[in-house]
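This briefing gathers a set of local features, grouped by topic, to be read alongside the sequence and the coordinates.

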Amino acid sequence: MSPTTQHATERYLAEFQTFERDHPASMWLAGVRRRAIERFASLGFPTVRDEEWKYTDVTPVANLAVTPIFRANLNGDAARISGNLPFGDIAGHRLTFVNGHYSPELSHLETLPAGVTVSSLAAAFENQNEVVQEHFGKILDAENESFAALNTAFAQDGAFVQIPSNLQLETPLHLLFLTHGEGAPVSHPRNLVLAGDNSSVTLIETYASTGEGVYFTNAITEVIAGKNARVEHIKNQMESPKAFHIATLQIAASRDSWVRSHTVNFGGRIVRNNATAVMGDEGGEVTLNGLVVGKDAQHIDNHTTMDHAMPHCLSHEHYAHVLDDQSNGVFNGKIFVRLDAQKTDAKQSNRTLLLSRDAQINAKPQLEIFADDVKCTHGATIGQLDEDALFYLRARGIPEIAARNILIRAFANEVLDGIPVEDLRQKLEAMLLTRLS
Amino acid sequence: MLLEIKDLHANIEGKEILRGINLTVNPGEIHAIMGPNGSGKSTLAAILAGRKEYEITQGEILFEGKDLLDLEPEERAGEGLFLAFQYPIEIPGVNTQIFLRAAVNAVRKYRGQEDLDAMQFLKLVKEKTKIVELSDQLLKRSVNEGFSGGEKKRAEIFQMAMLDPKLSILDETDSGLDIDALKIVANGVNALKSPEKSTVVITHYQRLLDYIVPDFVHVLYQGRIIQSGGKELALELERAGYDPIKAQFAEAV
Ligand SMILES: Nc1ncnc2c1ncn2[C@@H]1O[C@H](COP(=O)(O)OP(=O)(O)OP(=O)(O)O)[C@@H](O)[C@H]1O
Ligand SMILES: [Mg+2]
């Protein structure tokens, strides 16, 4: 345990006491939380001596004197906020959470097909939902991961989504997490998504705030894709420029399932995304794509893991970084091919566009291959805007800024083009250029 | 006078590449610049188009009386200068049609003209692709990506037609073209000819000049124009090569 954050660890432990006392839970949930806080107590916060956190120092995150907020409180700002919801006008269902708590007044649920559950996790906890109890935290490693343990200890709300077998949910489902209010709010959003066999669903997560303040979001999303299920996932990380965002996306891909996730990072001061997909049966196909747009002193770290546990699975991964000013990118792409996972086909690429001399990237592919009949490829490029291409565009009359934007957009579009929700994709493309201008 | 280059000297990385170029192009004229490899032809074209890595140590360039060296590359395009590149670059991820519309509307804006809307733009594309017999399928791809050598050259002339320049500089647009493609490119250039518009063709081969007939031919050698003449000079060079002129030049200096 790190001495510099030991005090912070103790503060969270003390807070847990209050939390546990004031928010009594079912025996099952109380037990889960208690085990998690015990794990957190012994793990503490990670340090840069920890291989997994080598380039990301979370001391400022740990030491932030956070204000715990145990319910959604809009302080009478509901009308103003609801008129300005990030991506509030994209078509589909929306569950909104304020400081980690479900806000019915900012949510919008159209009629859902029979058998589909879209609810707050708090409600599911309250009802002692057995499906939740069966799956919650089961595919996650909260034993060895501090932030996952911390999230689990304070798990209170988030989204619970269950798509029954053979059902295709056409309209996207938007989970919007907003941080609002004074002080330094902390939230531990927790989402559980179960896509039944042969079902399909499109899920959007957005993390944002109503102000520009300092706060801490510590989120976890678990996605379990049933046999032959099809899951599209998009995460928009648009936190305030001073915010800390640490998140885990854990995907379990069953036989013949198809899961594709896009993570778009525009926000945050210190950001760490862990995205892990375990292909636990044959025929699974997983895509993890990401776009990082960094400016000022932003630090954005993406750690991904493609875990090929069984034969005949495919994985695709493409991360693009556009880094300006003094921003920092970190990319670590693990590909595990277990002994049994013959005929694995895994592709990974990460590309970085450095727009300033002071911007920096640490990118590392990490392949651990134990099977012998596999195809694994990875590639990494780092470069500046192509001066010759820039000149070509300008020589055709396009002003410099517009020419730069065309090239940046082309670079980022390798990721954005894959986003299946058209109105969202267009908004992200427009935001990309506004961010960098 | 459309273009006036006076005693132009230019360096790159401390090496002097252009050593006193003088050239005047009047409206309606066609000039051919020939000369051995490495003599500075593309350097001259690049400086005219606005590449910044060359250091201009002496001389000036006037375009319709304006100091060209003061203008950004995009402003030069707006003023009506166009360079067909010797090696057109591929730009992955940038759709040709979107690029061209941005370019056309940028120069129109510079010239105080209204933007073309999608319909007007497509009409213009249709009209101009015909001139160089370019398949509009190519326009759906990224800029120059996967184009054959000949397609790249034809695409350059097509862009030229779209941007309606006053002065076009064609840097070896004929190199690597088979005879049919050469005719198409030359016909394209001739179709765009007018009494106000001028063309500078940089070439190694007389055969292009059978189709694009120059008013003047210049020989560029070691960063200087060492001889100028009418179209018969190109025929002369074709017959005797550069050696006699080089020898003459060596004697003179
Ligand atoms: N960016 C550069 N850096 C260093 N040297 C350069 C650069 N650009 C041009 N040169 C040099 O300048 C000289 C003139 O080159 P340029 O390309 O202008 O010749 P050219 O007449 O167009 O030749 P070619 O007929 O082969 O196209 C050559 O010696 C070339 O190596
Ligand atoms: Mg040349």
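Gln222(B) is placed in the loop between strand 11 (216–221) and strand 12 (224–229) of chain B. The model is a predicted one, and in it the phi angle of Gln222(B) is near 45°, a positive value in a residue other than glycine. With a relative accessibility of 37%, Gln222(B) counts as partly exposed, because this value falls between the 20% limit for buried residues and the 50% limit for exposed ones.

**Other positive phi angles**

- Lys343(A), which belongs to the loop between strand 18 (328–337) and strand 19 (345–354) of chain A, is also a residue other than glycine with a positive phi, here near 60°.
- The relative accessible area of Lys343(A) is 45%, and this residue is therefore partly exposed.
- In chain B, Asp164(B) follows just after helix 5 and takes a positive phi of about 50°.

**Helix 5 of chain B**

- Helix 5 of chain B comprises the 15 residues 149–163, which at 1.5 Å a residue should span 21 Å; the C-alpha atoms at its ends are 22 Å apart, in agreement with that expectation.
- This helix is mostly covered, since 13 of its 15 residues are buried.

**The surroundings of ligand 1**

- The shell around ligand 1 holds 16 residues, of which Gly38(B), Lys41(B), Ser42(B), Thr43(B) and His204(B) come nearest.
- By character, the residues of this shell divide into four nonpolar, eight polar and four charged.
- Among the polar approaches to ligand 1, an N or O atom in the side chain of His204(B) lies 2.9 Å from an oxygen atom of the ligand, a backbone N or O atom of Ser39(B) lies 3.2 Å from an oxygen atom of the ligand, and an N or O atom in the side chain of Tyr54(B) is 3.5 Å from a nitrogen atom of the ligand.
- Ligand 1 has 630 Å² of accessible area on its own, and the protein covers 68% of that area.
- Strand 2 (15–25) and helix 1 (41–49) of chain B are the elements that give two or more residues to the shell, and helix 1 of chain B gives the most, with three residues.

**The magnesium ion (ligand 2)**

- The magnesium ion is coordinated by OG of Ser42(B) and OE1 of Gln86(B), at 1.9 to 2.2 Å.
- This pair links distant parts of the chain, as Ser42(B) is in helix 1 of chain B and Gln86(B) is in the loop between strand 6 (81–84) and strand 7 (91–95) of chain B, 44 residues apart.
- Ser42(B) counts as partly exposed because its relative accessibility is 28%, whereas Gln86(B), with a relative accessible area of 15%, is buried.

**Two buried residues of chain A**

- Ser107(A) is placed in the loop between strand 3 (101–102) and strand 4 (117–120) of chain A, and its relative accessible area of 15% is under 20%, so this residue is buried.
- The side chain of Ser107(A) has polar contacts with backbone atoms of two residues: the nitrogen of Thr96(A) is reached at 2.8 Å, and the oxygen of Ser103(A) lies 2.8 Å from a polar atom of that side chain.
- Leu436(A) is part of helix 10 (residues 422–436) of chain A and is buried, with a relative accessible area of 14%.
- Between the C-alpha atoms of Leu436(A) and Gln348(A), which are 88 residues apart along the chain, the separation is 26 Å.

Methods:
Residues numbered from 1 in each chain as written. Chains lettered and ligands numbered in written order. Predicted model: local features only at pLDDT ≥ 70, side-chain atom pairs only at ≥ 80, totals over all residues. Heavy atoms only, no water. Helix = DSSP H or I, 4+ residues; strand = E, 2+ residues; numbered from the N terminus. Expected span 1.5 Å × (residues − 1). Buried < 20%, exposed > 50% of the residue type's maximum accessible area, 1.4 Å probe, protein only. Near = heavy atom within 4 Å. Polar contact = N/O pair within 3.5 Å; in protein donor to acceptor, adjacent residues only side chain to side chain. Areas by Shrake-Rupley, 256 points an atom, 1.4 Å probe, with all protein chains shown as cover. Nonpolar A, V, L, I, M, F, W, Y, C, P; charged D, E, K, R; others polar. Donors = N, O, S within 2.8 Å, 3.2 Å for Na, K, Ca; no water.
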